[in-house]
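Please open the structure in a viewer and set the display so that side chains can be selected one pair at a time. The tour below moves from one selection to the next and states what is found at each stop.

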Amino acid sequence: MSSSQLKIKMASWTDVGRLRKINEDSFCVDEQLCLMLVADGMGGHEAGELASSFAATIFRQQLFACLEDCKQHVSDVIGDDDDQDKTWLDLPNPLLALVELAAIRANREILRENKAGGYKARQRMGTTLVGVWLQPELHESVIFNIGDSRVYLWRDTRLQALTKDHSLYQQWLDYGRIGPAPSTNIIMNAVGVSDKPKIDLKRHGLKKGDIFLACSDGLNSMVPDHEISELISEYAKGQKTLDQTSRDLVARANEYGGEDNITVTLTACG
């Protein structure tokens with residue numbers, strides 16, 4: 001490891017909450033890939049749990065497979081016939097392309113399962129998918145989001161959301177709060193419910209001291225941002241371990257009612 005490469009620590013915790021019987025959240029923290037993600041499933045008993053598990057597993061597997069052979073021809077992977085000699089490294093934004101492909105493959109697999117299982121249009125299983133793929137040696141990351149789970153960045157004592165919810169409520173906010181406020185839990189976009197889900201992708205720089213949080217809405221719907229920031233700052237000050245911080249965040253959501261499944265993943269850059 002070069003002296004300029006950031007060191008990465010990861011932690012995670014999940015809980016069913018106080019009201020639900022099944023935890024339909026799934027997550028992945030992979031220190032080898034420097035990947036963390038959260039998937040919040042929907043679709044009722046078993047379906048949501050399966051959807052989130054499929055999405056998390058397939059996304060990670062696809063990303064890993066592409067990285068094993070980054071020089072394979074683009075035409076072999078994404079059907080780009082314009083240049084048969086083009087490779088991943090020739091793409092304008094190869095990191096974004098890899099993440100987008102992984103999300104597309106996860107969406108296709110869940111759609112396939114929906115069709116095989118005979119799910120009706122309004123009963124099909126689906127899931128959110130949100131996370132961060134870090135590149136410590138490049139001091140940058142890729143943020144990806146489908147749905148209303150979130151990624152936050154804690155930097156220089158300030159917490160900021162790096163994703164925007166794909167929800168009816170967020171759309172209402174964006175359009176100037178015209179008319180009555182809709183429910184906050186109606187999402188407009190998800191993995192597994194359409195052939196072409198909207199995938200928000202962006203690159204974000206990394207620096208020492210950054211702490212990323214990816215979570216299901218069971219956290220941010222219950223715990224105010226300033227309290228999330230305070231709990232994360234305890235790790236930054238050396239008062240808690242990263243693992244304890246993840247548990248404390250989940251515990252705080254449960255203290256405030258735990259109305260949904262709660263999943264937290266954290267990555268600290270040192």
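**Stop 1: a pair within helix α3**

Begin by selecting E109, which counts as partly exposed at 23% relative accessibility. The model on display is a predicted one. Next, add R112 to the selection; this residue is also partly exposed, its relative accessible area being 48%. The two residues form a salt bridge, and 2.4 Å separates their closest N and O atoms. Both belong to helix α3, which covers residues 94-117, and they stand 3 residues apart, about one turn of the helix. This pair is one of the 14 salt bridges that a search of the whole structure finds.

**Stop 2: a pair between helices α6 and α7**

Proceed to E227 and R252. Here, too, a salt bridge is present, with the closest N and O atoms 2.8 Å apart. E227 is part of helix α6 (residues 225-236) and R252 is part of helix α7 (residues 242-255), so this pair ties together parts that are 25 residues apart in sequence.

Is E227 buried or exposed? Its relative accessible area is 12%, so E227 is classed as buried, the limit being under 20%. R252, at 21%, is partly exposed.

**Stop 3: a pair within helix α7**

Remain on helix α7 and select D243 together with R247, which lie 4 residues apart in this helix, about one turn. Their side chains form a salt bridge whose closest N and O atoms are 3.0 Å apart. Both partners are partly exposed: D243 has a relative accessible area of 34%, and R247 has one of 33%.

Which residues are joined into one network by salt bridges that share partners? To display this network, select E227, R252 and E255 together. The pair E227 and R252 was already visited at the previous stop as a salt bridge.

**Stop 4: a buried serine in helix α7**

For the last selection, choose S246, another residue of helix α7. What is the relative accessibility of S246? The value is 0%, so S246 counts as buried. To see what surrounds this serine, show the residues that S246 touches, leaving aside those up to four places away in sequence: A11, S12, W13, V264 and L266.

With S246 still selected, bring D243 and R247 back into view. The three residues lie in helix α7, yet S246 is buried, whereas D243 is partly exposed, as is R247.

Definitions and conventions: Residues numbered from 1 in each chain as written. Predicted model: local features only at pLDDT ≥ 70, side-chain atom pairs only at ≥ 80, totals over all residues. Heavy atoms only, no water. Salt bridge = Lys/Arg side-chain N within 4 Å of Asp/Glu carboxyl O. Helix = DSSP H or I, 4+ residues; strand = E, 2+ residues; numbered from the N terminus. Buried < 20%, exposed > 50% of the residue type's maximum accessible area, 1.4 Å probe, protein only. Contact = heavy atoms within 4.5 Å.
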